[in-house]
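Hi,

Here is the structure I said I would pass on to you. Have a look at it first, and then read my notes underneath.

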Amino acid sequence: MSAVRMARVFSVGMVAVLGLIGALFVAGESLDGPGGWQGLGLVVAWAVPVGALVLLVVRRPRLAARVLPWVLAAAGAVVL
């Protein structure tokens, strides 16, 4: 395995681990704050769209390249 490939695998692995830690932190805070079904609803409200986007990227990368900028723009418009 070349050094470039090893660096790529390592960096993708680190991003995946840090993303998982971040998702678990946000889920824990959501379940702790409001608690109960409301907290579960908050977790589902962000986890399902993220999971759908991940599946889109894995299954249809060309379509995802056109969809993701619009999703990010919509999310940015909602936040602002």
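Below is what I found, going from the surface to the helix contact and then to two single residues.

Please keep in mind that this is a predicted model.

Let me start with the surface. Phe10, Met14, Val17, Leu18 and Ile21 make up a nonpolar patch there, and together they have about 510 Å² of accessible area. One of these residues, Ile21, sits in helix H1, which covers residues 3-32. Its relative accessible area is 52%, so Ile21 counts as exposed, the cut-off being over 50%.

Next, the helix contact. Helix H2 (residues 36-59) and helix H3 (residues 61-79) have axes that come within 7 Å and cross at roughly 145 degrees. The crossing of H2 past H3 is left-handed. On the H2 side, the contact is made by Leu53, Leu56, Val57, Val58 and Arg59. H3 contributes Pro61, Leu63, Ala64, Val67, Leu68 and Val71.

Finally, two residues of H3 that you may want to pick out in your viewer. Arg66 belongs to helix H3 and is exposed, because its relative accessibility is 56%. From Arg66 to Ala16 the C-alpha distance is 23 Å, with their positions 50 residues apart in sequence. Leu72 is also part of helix H3. Is Leu72 buried or exposed? Leu72 has a relative accessibility of 62%, so it counts as exposed. Its C-alpha atom is 14 Å from that of Val57, and the two residues are 15 apart along the chain. Val57 is one of the H2 residues in the contact with H3.

Happy to talk it through whenever suits you.

Best wishes

Terms used:
Residues numbered from 1 in each chain as written. Predicted model: local features only at pLDDT ≥ 70, side-chain atom pairs only at ≥ 80, totals over all residues. Heavy atoms only, no water. Patch = residues over 30% accessible without salt bridge, like charges linked within 9 Å, V, L, I, M, F, W, Y side chains within 5 Å. Areas by Shrake-Rupley, 256 points an atom, 1.4 Å probe, with all protein chains shown as cover. Salt bridge = Lys/Arg side-chain N within 4 Å of Asp/Glu carboxyl O. Helix = DSSP H or I, 4+ residues; strand = E, 2+ residues; numbered from the N terminus. Buried < 20%, exposed > 50% of the residue type's maximum accessible area, 1.4 Å probe, protein only. Axes fitted to C-alpha atoms, helices over the stretch in contact; angles between N-to-C directions. Left-handed = near helix turned anticlockwise from the far one by under 90°. Contact = heavy atoms within 4.5 Å.
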